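Good morning, everyone. Take a look at the screen, and I'll walk you through one protein piece by piece.

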Amino acid sequence: MMNELVQSHMTKDVVTLNPDNTLGEVREILLSKHIHHIPIVEGKKLVGMVTSWDIFKLGKSVAEYQDMKVSEIMTRRVATLDPDQHLGA
């Protein structure tokens, strides 16, 4: 499996948001799509990632974080692979 290409396992139609979206919008998408991670992009460049855990560990109520910007909590250092690289990379 480690010699298989990333493209054979990757999701191509990915839900993304930008750093100016709110955590309320993130929450809606996470719940409605039954996913746990949302890539954050500017144009076509990946600039971060927000996860359900990121929101949970805030320890705030929905009302408290509803209007917070994604940029306030997103993970900025995200490892990536190109579609033609091996999973083992």
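Let's start with contacts. Take the contacts in the protein with a separation of 6 or more: residues 24 or more positions apart account for 58% of them. Keep in mind that this is a predicted model.

Now the overall layout. The protein has three helices and two strands. Along the sequence, the pattern reads α-β-β-α-α. The C-alpha atoms fill a box of roughly 45 × 25 × 20 Å, taken along the principal axes. There are 89 residues, and 28% of them count as buried.

We'll go along the chain. Begin with Thr22, in the segment before helix H1, which spans 23–33. Is Thr22 buried or exposed? Its relative accessibility is 17%, and the cut-off for buried is under 20%. So Thr22 counts as buried. What does Thr22 touch, beyond its neighbours within four places in sequence? The answer is Gln66, Asp67, Met68, Lys69 and Val70.

Next, H1 itself. Its buried residues are Leu23, Gly24, Val26, Ile29 and Leu30. And what covers the buried residues of H1? The cover includes two strands, E1 (37–42) and E2 (45–51), and two helices, H2 (52–56) and H3 (62–65).

Step off the end of H1 and you meet His34. This residue sits in the loop between H1 and E1. Its phi is near 55 degrees, a positive value in a residue other than glycine. His34 has a relative accessible area of 69%, so it is exposed.

On to the strands. E1 and E2 run antiparallel, and six bridges join them. One facing pair to find on your screen: Ile38 stands opposite Val50 in E2. The hairpin of E1 and E2 has two residues between the strands. There, Gly43 takes a positive phi near 65 degrees.

Stay in E2 for a moment, and pick out Val47. Val47 has 17% relative accessibility, so it counts as buried. Which residues does Val47 touch, not counting those up to four places away in sequence? Pro19 is one of them. Ile40, Val41 and Glu42 are on the list too. So are Met74, Thr75 and Arg76. Now compare Val47 with Tyr65, 18 residues apart along the chain. Their C-alpha atoms are separated by 21 Å.

Salt bridges next. How many does a search of the whole structure find? One. The partners are Lys57 and Asp54, with the closest N and O atoms 3.7 Å apart. Look at how the two partners sit. Lys57 counts as exposed, because its relative accessibility is 51% and the cut-off for exposed is over 50%. Asp54 has a relative accessible area of 6%, so Asp54 is buried.

Last topic: empty space. Rolling a probe the size of a water molecule over the atoms shows where empty space is left.

The largest pocket holds about 780 Å³ of space. It is lined by 23 residues, and the closest to its centre are Thr11, Val14, Pro39, Leu46 and Met49. Which elements give two or more residues to that lining? They are E1 and E2. E1 gives the largest share, three residues. By class, the lining of the largest pocket has 13 nonpolar, six polar and four charged residues.

Then there is the second largest pocket, with a volume of about 160 Å³. Its lining includes Arg27, Leu30, Leu31, Ile35 and His36. Ser52, Ile55, Phe56, Lys60 and Tyr65 also line the second largest pocket. H1 and H2 each supply at least two residues of this lining. By class, the lining of the second largest pocket divides into six nonpolar, two polar and two charged residues.

Two names there should ring a bell. Leu30 is among the buried residues of H1, and Leu30 also lines the second largest pocket. Tyr65 is the residue with its C-alpha atom 21 Å from that of Val47, and Tyr65 lines the second largest pocket as well.

To recap, follow three stops on your own screen. Find the antiparallel pair, E1 and E2. Find the salt bridge of Lys57 with Asp54. Then find the largest pocket, with Thr11, Val14, Pro39, Leu46 and Met49 closest to its centre. Thanks for listening.

Definitions and conventions: Residues are numbered from 1 along each chain as its sequence is written. This is a predicted model: local features need pLDDT of at least 70, side-chain atom pairs count only at pLDDT 80 or more; totals for chains, interfaces and linings use all residues. Side-chain values use heavy atoms; hydrogens and water are left out. Helices (H or I, at least four residues) and strands (E, at least two) are DSSP runs, numbered from the N terminus. Buried means under 20% relative accessible area, exposed over 50%, partly exposed in between (1.4 Å probe, protein chains only). Contact means heavy atoms within 4.5 Å. Two strands pair if DSSP finds at least two bridges between them. A salt bridge is a side-chain nitrogen of Lys or Arg within 4 Å of a carboxyl oxygen of Asp or Glu. On a 1 Å grid over the protein atoms alone, a cavity is a set of points where a 1.4 Å probe fits but cannot get out, and a pocket is an open set with protein on both sides within 12 Å along at least five of seven lines; lining residues have an atom within 4 Å of a point. Grid points are joined across faces, edges and corners, and a volume is the space filled by probe spheres set on the points. Ala, Val, Leu, Ile, Met, Phe, Trp, Tyr, Cys and Pro count as nonpolar, Asp, Glu, Lys and Arg as charged, and the others, Gly among them, as polar.
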